[in-house]
Protein chains: 2
Amino acid sequence: MTEKKSLLQWELSIADHLPGNSIDCVIFGYKNQELQLLLLHWKHHDTWSLPGGFIGINEDMDEAANRILLERTGLDSVFLNQFYTFGGTKRSKMNEAAYTKRMEFLTKSKIYSSKTMEWLTKRFITTGYFALVDHEKTTPKPDFLSDKCDWIALHSLPELLMDHGEIIQKALEHLRVRLNYLPIGFSLLPKKFTMQDLQKLYEAILQRPLERSNFQRKMLKLDILTRHEKQMTGAANKAPFLYSFNKERYELLLRKGIGFSF
Amino acid sequence: MTEKKSLLQWELSIADHLPGNSIDCVIFGYKNQELQLLLLHWKHHDTWSLPGGFIGINEDMDEAANRILLERTGLDSVFLNQFYTFGGTKRSKMNEAAYTKRMEFLTKSKIYSSKTMEWLTKRFITTGYFALVDHEKTTPKPDFLSDKCDWIALHSLPELLMDHGEIIQKALEHLRVRLNYLPIGFSLLPKKFTMQDLQKLYEAILQRPLERSNFQRKMLKLDILTRHEKQMTGAANKAPFLYSFNKERYELLLRKGIGFSF
DNA sequence: ATCTATTGTGTCATATTTATACAATAAACT
DNA sequence: AGTTTATTGTATAAATATGACACAATAGAT
């Protein structure tokens, strides 16, 4: 049986990884004017979690994060930053309910060997990375432990494994702070977008309304946007311009910072 | 012999710690109008390194960082923040010269048991914490592996162990960025200080001159400073006021941010 | 009494931010 | 075809912040 064989293979591969460290990716997307997260749904029991993985014995931590992101989304070389390392002793038991449910299930069902169980359930220090991606470019794929890999709106998050809820909160804080000095918002949008799209995105991240005309002025002054043809929306009003962002200027600002705040 | 006995004890205690993770503290102080770092000098061979340590099996990572800081400085509950985790595969060999020198010495001298040597020289993922302290309140104490614990000016750093130079650079970046949205500079000064002291500190951190009267205006507007009596400096000029900073207002700004930049 | 270096404060010219106004316009409605 | 509607691009006035500089006050040296 393929399932059983690959399970065995997976259990063997564990030994090629650092035993007490993991990586969790908080992958942000933007859809329906809402921030969305790419989450995994566990096989055999109803729990959601962040896409994560282990670090190869000869693999840099950053490489591991890139690999994990690539495996789940099909995307390479997108915005991906380390943001915090979670090293509490009780992190695996943070979400008590989900934890006991999971443990009960696993021990009862004997999906994993006792050695694997031991490996999986011991103390882990996890390092969080956050990614900003254009959700339309992704092809979400579950990993070996999960049966679903879906975009979930930030405002309707399900119960999450362990401390993954906290990890997401911390990632959000970082995202909001960095929005003030890096032009990172653009990574979440498709190639061409209207000024309204961009503003709505900023509002979704910052969770507060921004003044339209001032927002437009500020963005244009960054000198990062290229204006294109108008977009006929079909609505009964003036058609907005489409914009794309200038890659070189963007790279420059990424390094130098934009030094403004909302 | 006490040295030998405590060495044995130390080697035994290693087993009570997580095997692949460490913590390094970048402890900033301010003396002679310069930023200073608290560094350790290794026993038996001429290498300096950051104060670091391992994480107890039942110890939160933050606890471990606090403990390490306390052990080296005697200080508790001061400004201490995690800033980055270094997980490259080659970090132990980054400073080639210092590394080979150290390895040669250690293998030749047989100070440690082969088991300890194995433990010490395998791949480690280290998490950096940075601390801001009033150096006058510290009582630097070497750890078990070192014979000196001294304040070293940032501008005359010696050759450092492994990637500790890079860790310091990253800590500095974080310090500079956070200076723009957190009132953290104050942690480095004694209780009472003049406006010039504060300005010189900011200049030391940012590595550029700031305009005196504008700096004063900006700081006073934060509404974080309490003005005290004048300080008779003995110099042939107008005596400056002493200031201290308001703890509550400071806590508020720490959480809210101050949203300005130089 | 005069001089010197530094301090506290004020001011002026420039940016930047906030709030608001208004003409332009794509499509719906009469 | 003319009118209406919602949204867009741009302008502007007032409030606020910033950078550069001026100047009187003053502790101690001369």
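This is a walk through a predicted model, with stops at the two domains of chain A, the contact between chains A and B, and DNA strands C and D.

Before you start clicking: as a predicted model, it gets local features only at pLDDT of at least 70 and side-chain atom pairs only at pLDDT 80 or more, while totals for chains, interfaces and linings use all residues. Residues are numbered from 1 along each chain as its sequence is written, chains are lettered from A and ligands numbered from 1 in the order in which they are written, and side-chain values use heavy atoms, with hydrogens and water left out.

**Stop 1: the two halves of chain A**

Colour chain A by domain: 2-178 is domain 1 and 181-256 is domain 2, with bounds from an automatic or database domain assignment. Their centres, taken over C-alpha atoms, are 31 Å apart. Where they touch, domain 1 of chain A puts in 14 residues and domain 2 of chain A puts in 16 (contact means heavy atoms within 4.5 Å).

How much area do domain 1 of chain A and domain 2 of chain A bury between them? About 1500 Å², with 65% of it on carbon and sulfur atoms. Buried area here is the accessible area (1.4 Å probe) that two parts lose on being put together, summed over both. Now show Y30(A), R176(A) and R178(A) as sticks: these supply 39% of the area that domain 1 of chain A buries against domain 2 of chain A, more than any other three residues.

Look for salt bridges between these two domains and you get a count of 0 (the rule wants a side-chain nitrogen of Lys or Arg within 4 Å of a carboxyl oxygen of Asp or Glu). There are 4 residue pairs in polar contact between them, both residues at pLDDT 80 or more. A polar contact is a pair of N or O atoms within 3.5 Å; within protein, one must be able to donate a hydrogen and the other to accept it, and residues adjacent in sequence count only if both atoms are side-chain atoms.

On the domain 1 side, select strand 1 and helix 5 (164-179) of chain A, the elements that give two or more residues to this contact. Helices (H or I, at least four residues) and strands (E, at least two) are DSSP runs, numbered from the N terminus. Helix 5 of chain A has the largest share, 4 residues.

**Stop 2: where chain A meets chain B**

Show both chains. Here 23 residues of chain A are in contact with 23 residues of chain B. The two chains bury about 1600 Å² between them, 50% of it on carbon and sulfur atoms. Pick out M61(A), Q82(A) and R123(A), which supply 27% of the area that chain A buries against chain B, more than any other three residues.

The salt bridge count between chain A and chain B is 0, but the interface has 12 residue pairs in polar contact, both at pLDDT 80 or more. To see the chain A side, select strand 1 (17-31), strand 4 (52-56), helix 2 (61-73), strand 5 (79-86) and strand 6 (125-132), the elements of chain A that give it two or more residues. By class, that side has 8 nonpolar, 10 polar and 5 charged residues. (Nonpolar is Ala, Val, Leu, Ile, Met, Phe, Trp, Tyr, Cys and Pro; charged is Asp, Glu, Lys and Arg; the others, Gly among them, are polar.)

**Stop 3: DNA strand C**

Select the residues near DNA strand C, meaning those with a heavy atom within 4 Å of it. You should get 23, with E211(A), S213(A), R217(A), N237(A) and N237(B) the closest. Sugar and phosphate make up 47% of the strand C atoms that come within 4 Å of the protein.

Which residue has a side-chain N or O atom 2.8 Å from a base oxygen of DNA strand C? That's R212(B). A polar backbone atom of A236(B) is 2.9 Å from a base oxygen of the strand. Helix 7 (212-221) of chain A and helix 7 (212-221) of chain B are the elements giving two or more residues to this surface, and the largest share, 5 residues, comes from helix 7 of chain A.

**Stop 4: DNA strand D**

Around DNA strand D there are 23 residues, the closest being N237(A), F241(A), S213(B), R217(B) and N237(B). Zoom in on R212(A), with a side-chain N or O atom 2.9 Å from a base oxygen of the strand. K238(A) has a polar side-chain atom 3.2 Å from a base oxygen. For a backbone example, go to N237(B), where an N or O atom lies 2.6 Å from a sugar or linking oxygen of strand D. Finish on helix 7 of chain B, which gives the largest share of the surface near strand D, 5 residues.
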